[in-house]
Amino acid sequence: MSTKILVIEDVPEMSDLISMYLEKEGMSVTKALNAEAALETLKTDVPNLVILDLNLPGMSGFDFLKKFREEYNNTIPVIISSARDGDEDIIEGLGLGADEFVTKPFSPRVLVAKVKANLRRTSEISDAAEEFYAFGDYKLLLNSCVLKKGSEKIPLSNKEYKVLEYLTKHEREQLSPEKIYKDVWGTEFGDVTAVAVYIQRLRKKIEANPADPHFIKTVFGMGYLFEN
């Protein structure tokens, strides 16, 4: 399975150049011309690394990075590639969770070397070193907050991960929507129907037949029960 790189760059010529060098190294590249398109891609495809420009139309690179770290993933390496080389930009980017800052113009070969170095560092943290919960063909990695099916990463939002982790930690317990909401959202006040929405999202991602779930079962009149 090839390494997946998401390149978020609004200049097509630059995006094509970066992609060409990465693909020569056997990597699979998905290109997004803006942050909104990148976020849409993340709903169905999780990359191994992100290359991010800051000066994007619409949502800025900084805003994308903040949302990506908060809602999607805290462990996937992000390399910022930008003509903005002021100390403030570098400090803000690293502070928001970027792993590296590469200033334009740059050598594509140097960028590829940095991509490889970041991927190596990530792969050194093996699944075996992590606490995990296994169910069916899935592994929920509890340190890096990642769901995997074999070697494939299943995209989960931050809240989807938290709901799934909560269910697995309370395996075979009957859980009311109110209890799940209170414990996961951290409040008793709010729209409890959000629980049903996230349960449906999770079923679509982990159940062979979401209409007849094997893992996340509905206990009528009570709530939900996770069964391995």
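Begin by selecting isoleucine 79, which stands opposite glutamate 100 in β5. The model on display is a predicted one. With this pair centred, extend the selection to the two strands: β4 and β5 run parallel and are joined by 4 bridges. Then add helix α4, residues 87-95, to the view; β4, α4 and β5 together make a right-handed β-α-β unit.

**The parallel sheet**

Next, widen the selection to the sheet to which these strands belong. Its 5 strands follow the order β2-β1-β3-β4-β5, forming an open sheet with parallel pairing. The edges are β2, at residues 28-32, and β5, at residues 100-103, each of which pairs on one side only. Averaged over the sheet, neighbouring strands are turned by 20° against each other, direction ignored. As general background, strands of a sheet pair through backbone hydrogen bonds, in either a parallel or an antiparallel sense.

From β4, step across to β3. Strand β3 covers residues 49-52 and β4 covers residues 78-82; the two run parallel and are joined by 3 bridges. To locate this pairing, select leucine 52, whose bridge partner in β4 is isoleucine 80.

Now move to β1 and β2, which pair in the parallel sense over 5 bridges. A convenient pair to display here is valine 7 and lysine 31, since valine 7 stands opposite lysine 31 in β2. Adding helix α1 completes another unit: β1, α1 and β2 form a right-handed β-α-β arrangement.

**Helices across the sheet**

Keep α1 selected. This helix, residues 12-24, lies across β1 (4-8), β2 and β3, and runs at about 170° to β2. Then select α3, residues 61-72, which lies across β1, β3 and β4 and runs at about 160° to β3.

While α3 is in view, show the side chains of lysine 66 and glutamate 70. They meet in a salt bridge, with an N to O distance of 2.9 Å. Both residues belong to α3 and are 4 residues apart, about one turn of the helix. Glutamate 70 is partly exposed at 42% relative accessibility, and lysine 66 is likewise partly exposed, at 41%.

**Salt bridges between separate parts**

The whole structure contains 15 salt bridges. Which parts does the salt bridge between lysine 116 and glutamate 25 tie together? Select the two side chains, which meet at 2.7 Å, N to O. Lysine 116 lies in helix α5 (residues 108-124) and glutamate 25 in the loop between α1 and β2, so the contact ties together parts 91 residues apart in sequence. Lysine 116 has a relative accessible area of 32% and is partly exposed; glutamate 25, at 43%, is also partly exposed.

Move next to lysine 104 and aspartate 53. These residues form a salt bridge in which the closest N and O atoms are 3.5 Å apart. Lysine 104 is in the loop between β5 and α5, and aspartate 53 is in the loop between β3 and α3, so this pair ties together parts that are 51 residues apart in sequence. Are these two residues buried or exposed? Lysine 104 is buried, with a relative accessible area of 17%, and aspartate 53 is buried at 5%; the cut-off for the buried class is under 20%. Add Glu9 to the selection to complete the picture: Glu9, Asp53 and Lys104 are linked in a network of salt bridges.

**The nonpolar cores**

For the last part of the tour, turn to the nonpolar side chains. In soluble globular proteins, such side chains tend to be buried together. The largest nonpolar core has 27 residues, of which Phe135, Leu147 and Leu164 touch the most other members. To frame this core, select β6 (132-135), β7 (138-141), α6 (158-169), α7 (177-185), α8 (193-206) and β11 (223-226), the elements that each give two or more residues to it. Helix α8 supplies the largest share, 6 residues.

Centre the view on leucine 164. Leaving aside residues up to four places away in sequence, leucine 164 touches Phe135, Leu140, Leu147, Leu156, Leu202, Ile206 and Phe226. A second, separate core of 22 residues can be selected afterwards; among its members are Leu6, Leu39, Ile80 and Phe101. Of these, Ile80 was already met as the bridge partner of leucine 52 in β4, and the tour may close on that residue.

Notes. Residues are numbered from 1 along each chain as its sequence is written. This is a predicted model: local features need pLDDT of at least 70, side-chain atom pairs count only at pLDDT 80 or more; totals for chains, interfaces and linings use all residues. Side-chain values use heavy atoms; hydrogens and water are left out. Two strands pair if DSSP finds at least two bridges between them. Axes are lines fitted to C-alpha atoms, for helices over the stretch in contact, and angles run from 0 to 180 degrees between N-to-C directions. Contact means heavy atoms within 4.5 Å. A salt bridge is a side-chain nitrogen of Lys or Arg within 4 Å of a carboxyl oxygen of Asp or Glu. Buried means under 20% relative accessible area, exposed over 50%, partly exposed in between (1.4 Å probe, protein chains only). A crossover is right-handed if, with the strands pointing away from the viewer, the path from the first strand over the helix to the second runs clockwise. A nonpolar core is a set of buried Ala, Val, Leu, Ile, Met, Phe, Trp, Tyr and Cys residues joined through side-chain atoms within 4.5 Å.
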